[in-house]
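Good morning, colleagues. Please take a moment to look at the sequence and the structure on the screen before I begin.

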Amino acid sequence: MQAWQVHENGEPSEVMRLADVAQPVPGEGQVLLKVRAANINFPDVLMCRGHYQVRPPLPFTPGVEICGETEDGRRVIANPALPYGGFAEYAVADAAALLSAPDSLDDAEAAALHIGYQTGWFGLHRRAHLEAGETLLVHAAAGGVGSAAVQLGKAAGATVIGVVGGAEKAAVARELGCDVVVDRRSEDVVAAVKEATGGRGADVIYDPVGGEAYTQSTKVVAFEGRIVVVGFASGSIPSPGLNHALVKNYAILGLHWGLYNTKNPKLVQHCHEQLTELAARGAIKPLISERVPLAGAADAVQRLGDGVTTGRIAVVPTGAQA
């Protein structure tokens, strides 16, 4: 079969190589899956660079999120068991963690329903307890993680402010349903958010960016507001001033979604049921900006790492239906 492999760490476009390799053999408790679509996530970029908290042994195949097909023909959503990731024709995954792919979504959309939307649901509902009528601020609102949070925020009845970089991404954020869109490249984010909220600020702030975005968050978080720290796509990990959190009376909440798979897997299944229901009634729908063949995976992963993509890019192996 064909699979992308990383033999050394570096930029995805330089270290990912497409090769003919042996089909992976499932271990105990694992199943072999035919990859119907693999969604590209920022962890794929970080793993190529050697900067992710999980470091699979070299060589490995990236791709942490797929819609696959079991040997008996079931469509499932899975996180492949590395080093046999999803940017290949076949992958392996833990049988106990498989989730049913919603009938309302095609393969590429189903692949994208998992990590980003689970992270959004846990961040907004489990950690921040977002309520209808509150204001939600989403950084990188046109990206894969941000777009999921925007849709989930709207589905929860929140007013959503989306921060983006550039006019193209601003248009995407509006299409996603953001009530207010702030272009950080041409606007003062802090001033724009304060104006949009009448000076009150945002009740919940969803931050997958870190760096300057986090600093902005501390300046526009409302009284009793919650900042949900999801990741550091900017490459800069902020050092919070806890005296500031005390004086302004806000909470800083960390979210590592992957921990729930081991600490409380029943919640992951419950979340998937909630997401499936939301997808069935059209309240959420993953934004797939591109569907690329397997041969285009390395370039697509690099573009995500460079911050020039919107929504999600799905890798669709030859012969699979997207």
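I shall go through the strands, the helices that accompany them, and a few points of backbone geometry. Please keep in mind throughout that this is a predicted model.

Let me begin at the start of the chain. Strand 1 covers residues 2-6, and four of those five residues are buried. The partner of strand 1 is strand 2, residues 16-20; the two run antiparallel and are joined by five bridges. To locate this pairing on the screen, find glutamine 2, whose bridge partner in strand 2 is aspartate 20.

I turn now to the open sheet of six strands. In what order do the strands of this sheet stand? The order is 10-9-8-11-12-13, and the pairing is parallel. As general background, strands of a sheet pair through backbone hydrogen bonds, in either a parallel or an antiparallel manner. At the edges stand strand 10 (180-183) and strand 13 (251-254); each has a single partner strand, so one side of each has no neighbour in the sheet. On average, neighbouring strands here are turned by 20° against each other, direction ignored.

Within this sheet, strand 11, residues 202-207, pairs with strand 12 in the parallel sense over five bridges. One residue pair to look for is isoleucine 205 with its bridge partner in strand 12, isoleucine 227.

Which helices lie across these strands? Helix 4, residues 115-127, lies across strand 8, strand 11, strand 12 and strand 13, and runs at about 150° to strand 11. Helix 8 also lies across strand 8, strand 11, strand 12 and strand 13. The angle of helix 8 to strand 12 is about 160°.

Helix 8 has a further contact, with helix 7. In general, the packing of two helices is described by the angle between their axes and the distance between those axes. For helix 7 (residues 189-196) and helix 8 (residues 212-220), the angle is about 35° and the axes are 10 Å apart. The crossing of helix 7 past helix 8 is right-handed. On the helix 7 side, the residues in contact are Val189, Val190, Val193 and Lys194; on the helix 8 side they are Gln216, Lys219 and Val220. By class, this contact comprises four nonpolar, one polar and two charged residues.

Finally, I come to the backbone. As a rule, most peptide bonds are trans, and most residues other than glycine have a negative phi. Where are the cis bonds that I wish to show you? One runs from leucine 58 to proline 59, with omega near -10°. Proline 59 is found in the loop between helix 2 (42-49) and strand 4 (66-69). Another cis bond runs from leucine 82 to proline 83, with omega near 20°. Proline 83 belongs to the loop between strand 5 (75-78) and strand 6 (90-94).

As for phi, alanine 140 has a positive value, near 55°. Alanine 140 lies in the loop between strand 8 (135-139) and helix 5 (144-155). Because its relative accessibility is 33%, alanine 140 counts as partly exposed. Glutamate 224 has a positive phi as well, near 60°, but this residue lies within strand 12, residues 221-229. Is glutamate 224 buried or exposed? Glutamate 224 is exposed, because its relative accessible area is 52% and the cut-off for exposed is over 50%.

Thank you for your attention.

Technical notes:
Residues are numbered from 1 along each chain as its sequence is written. This is a predicted model: local features need pLDDT of at least 70, side-chain atom pairs count only at pLDDT 80 or more; totals for chains, interfaces and linings use all residues. Side-chain values use heavy atoms; hydrogens and water are left out. Buried means under 20% relative accessible area, exposed over 50%, partly exposed in between (1.4 Å probe, protein chains only). Helices (H or I, at least four residues) and strands (E, at least two) are DSSP runs, numbered from the N terminus. Two strands pair if DSSP finds at least two bridges between them. Axes are lines fitted to C-alpha atoms, for helices over the stretch in contact, and angles run from 0 to 180 degrees between N-to-C directions. A crossing is left-handed if the near helix is turned anticlockwise from the far one by less than a right angle, and right-handed if clockwise. Contact means heavy atoms within 4.5 Å. Ala, Val, Leu, Ile, Met, Phe, Trp, Tyr, Cys and Pro count as nonpolar, Asp, Glu, Lys and Arg as charged, and the others, Gly among them, as polar.
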